[in-house]
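Q: Could you take me through the reading of a model, giving the general idea before each case?

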Amino acid sequence: MTRPSVDASRAGAGPAYGDGRVRPAGTGPGEAARRGLEEAERVELTVDAVAPGGHCVARVDGQVVFVRHALPGERVVAEVTEVHRGFVRADAVTVLDSAPQRVAPPCPYAKPGLCGGCDLQHVAPAAQLDWKAAVVREQLRRLAGLTDAEIDRLGVRVAALPGGPLGWRSRVRYAVDAAGRAGLLKHRSHEVVPVDRCLIAHPAIQALPVLGRPWPTAEAVEAVASTGGDVTVTALPDGPTTRVDAPSAVSSDGPATALPDGPVTVREVAAGREWTLPASGFWQVHPAAADTLVGAVLDLLDPQPGESAWDLYGGAGLFAAAVAARVGPAARVTVVESAGEGVAAARDNLRDLPGVEVVAARVETALARRRITGPVDLVVLDPPRSGAGARVVRDVVAAGPRAVAYVACDPAAFARDVRTFADAGWELAELRGFDLFPMTQHVELVGLLQPAR
């Protein structure tokens, strides 16, 4: 990553203050470097490269600053929001010199101190794809240990999905504040920002009477608009409130009460099938995501009749169903899932596929205790945000598949697992990126891993 620059001729070179004043120039860097930046201080700086988490990187008197609401090359006034050992976080509250890719955020809540769900509304849609591709490349270089030439050969890019950057989110969890108002959470905070509309929510969700009415007994409210045409609202009276800007489909950790607004179960359509799921169950939040990912997995794995397959972290069995259709009814396809809702959904939705077995277990346990055994021809890995981990990767490699399709929602975790595959003699042969979460910093990857040639 290129080292960021600081405009020392202006306010970025001197000490800052905690009362909203911008750190002035001319007082010398020594005192500022000894004292460091403090929360709520403002400093003028020039930002540089993009970084994971929707930030750009800057440096002030030797301190690393991760700046939200900025773009590479911009000169901004940034307000410090968090101070940590070795780095600080900040919001760009004033843009002095803007980048060509900057646009006016379409949502009035996508600003410093307000909703934290959208990281990139200030970035032109095409530039958002470049932003995410740059993050992926940097993680592959830094964490996977790939060379620039290897990354170039992969042709890393992020493709947009149909439908545009707004109105795509088919599952939204609204938090409810102490006054009973539904809203969205601030960035890295449990503070609720009451809103009158969420522009990335599906139009059917935006039309629901969730916002603007009181929810005196609810901790959160979930709204779902399925690809099968179902719309449901569920009040969550107990249990923890989940952030609405999480990059995966929402799920309930506590008891839920279905309201008359919609059914307890919903229908989804993907991979040429109709799926019936709990309204609170896991499903991709972009309407085009399921078919997009299935298409990529099938294209990369190229399943052949008679081949066996594992669908690890399989959820309702989306990938298992698609692979089973290719390998045929006599082939063995095994789904491994630990969540009770996912296991039940997989068994219900895949009951017409005689070659599919659903194993209720953690993937690590199923592999270590030989609940599933190799050899196996194909593996689909779709782990949670934390990644599969070294233990699972080594066990998958030991099973001897010819290819693994790795579906990842976090580039850093993916890159760490790619390095583990490489240590075992495998290589990342192909990589595709998809913008499943427009206006946010999240990106979905599908990688093909094979024994190194």
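Q: What relative accessible area does A40 have, and how should the value be read?
A: Buried means a relative accessible area under 20%, exposed means over 50%, and partly exposed lies in between, with a 1.4 Å probe and protein chains only. A40, with a relative accessible area of 29%, is partly exposed. Its place is the loop between α1 (29-35) and β1 (42-46), where helices (H or I, at least four residues) and strands (E, at least two) are DSSP runs numbered from the N terminus.

Q: On what conventions do such values rest?
A: This is a predicted model, in which local features need pLDDT of at least 70 and side-chain atom pairs count only at pLDDT 80 or more, while totals for chains, interfaces and linings use all residues. Residues are numbered from 1 along each chain as its sequence is written, and side-chain values use heavy atoms, with hydrogens and water left out.

Q: Which phi does A40 have, and what is the general background for reading it?
A: Most residues other than glycine have a negative phi, and most peptide bonds are trans. A40 is not a glycine, yet its phi is positive, at about 80 degrees. R370, also not a glycine, has a positive phi of about 60 degrees; R370 sits in the loop between α8 and β19 and is exposed, its relative accessible area being 61%.

Q: Where is the cis peptide bond?
A: The bond from G374 to P375 is cis, with omega near 5 degrees. P375 belongs to the loop between α8 (363-368) and β19 (378-381).

Q: How should the predictor's confidence be read, and what is the mean pLDDT of the protein chain?
A: pLDDT is the predictor's confidence in each residue, on a scale from 0 to 100. For the protein chain the mean is 89, and 87% of its residues reach 70 or more. Over residues 24-34, however, the pLDDT is below 50, and this stretch has 20 contacts beyond near neighbours in sequence in the model, a contact meaning heavy atoms within 4.5 Å. Residues 239-262 also have pLDDT under 50, and for them the model has 68 contacts beyond four places in sequence. Where pLDDT is low, the predicted coordinates should not be read in detail.

Q: How many salt bridges does the structure hold?
A: A salt bridge is a side-chain nitrogen of Lys or Arg within 4 Å of a carboxyl oxygen of Asp or Glu, and the structure holds 23 of them. One of them joins the side chains of R188 and E82 at 2.6 Å, N to O. This pair links distant parts of the chain, 106 residues apart, with R188 in the loop between β9 (182-185) and β10 (192-194) and E82 in strand β5 (residues 75-84). R188 is partly exposed at 44% relative accessible area, whereas E82 counts as buried at 17%.

Q: What separates E138 and R141 in helix α2?
A: These two residues are 3 residues apart in helix α2 (residues 125-142), and therefore about one helical turn lies between them; their side chains meet in a salt bridge of 2.8 Å, N to O. E138 is buried, with a relative accessible area of 15%, while R141 is partly exposed at 34%.

Q: Which residues do salt bridges that share partners join into one network?
A: A pair can be read before a network: the side chains of E191 and K186 meet in a salt bridge of 3.1 Å, N to O, with E191 partly exposed at 43% relative accessible area and K186 partly exposed at 21%. In the network, salt bridges that share partners join E44, R75 and D97.
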